[in-house]
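Colleague: Could you take a close look at one strand for me and tell me how it sits among its neighbours? A walk outwards from there would be great too.

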Amino acid sequence: MKLVAGCGETPVTQDAISVDMDLKFLRKNRELYNGRFYIAADVNLLPFPDNSFSTVEFMSVLEHMEDPRLTLKEIERVSAPEAWITINTAHKLFENVLGKLSKTHKRLVTDGWHKYIRTYREYRLMLGEIFQ
């Protein structure tokens, strides 16, 4: 089974369970992609047993989390021992370059959309602590 954590507006495959806290996104996704599982849940307190998923996609969420270690620990908890985990997140270099190139992206950075931007090194250390 596949988990898409923090699905936002992302369309997902039929075999996935998608979670997000934003009810607006979940309603829209349910209308557009009928028959798929969309669940309102906090990615820090997922409503699934340990080792539930063989695949986890975690896209553009960590930059919104004050303490991403809690989130990563929760993802680790619900992932099966040999699960494939994909994590995508913004980092400082990415934000600095795009902020200079794009007025739209600069607005996203300055209006607090990405609240917690970290360096590659910070993310690497966090991942090493949790996924050993």
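Modeller: Let's start with the two faces of β2, keeping in mind that this is a predicted model. Both faces are covered: Ala16, Ser18 and Asp20 are buried on one side, and Ile17 and Val19 are buried on the other. That's five of the five residues of the strand, residues 16-20, so β2 is largely enclosed by the rest of the structure.

Now for its strand neighbours. β2 runs parallel to β1, and four bridges join the two; lysine 2 has alanine 16 of β2 as its bridge partner. β2 also runs parallel to strand β3 (residues 37-40), again with four bridges. There, valine 19 pairs up with isoleucine 39 of β3.

From β1 we can hop over to a helix, α2 (residues 68-78). Its buried residues are Pro68, Thr71, Leu72, Glu74, Ile75 and Val78. They span an arc of only 160 degrees around the axis, so they lie on the same side of α2. What do they pack against? β1 (2-5) is one of the partners, along with β4 (53-59), β5 (79-88) and α5 (120-130).

That last partner deserves a bit more detail. The axes of α2 and α5 come within 10 Å and cross at roughly 40 degrees, which makes α2 oblique to α5. The crossing is right-handed. On the α2 side, the contact is made by Pro68, Arg69, Leu72, Lys73 and Glu76, while α5 brings in Met126, Leu127, Glu129 and Ile130.

Key:
Residues numbered from 1 in each chain as written. Predicted model: local features only at pLDDT ≥ 70, side-chain atom pairs only at ≥ 80, totals over all residues. Heavy atoms only, no water. Buried < 20%, exposed > 50% of the residue type's maximum accessible area, 1.4 Å probe, protein only. Arc of directions from axis to C-beta. Contact = heavy atoms within 4.5 Å. Pairing = 2+ DSSP bridges. Axes fitted to C-alpha atoms, helices over the stretch in contact; angles between N-to-C directions. Parallel < 35°, antiparallel > 145°, perpendicular 65-115°, else oblique. Left-handed = near helix turned anticlockwise from the far one by under 90°.
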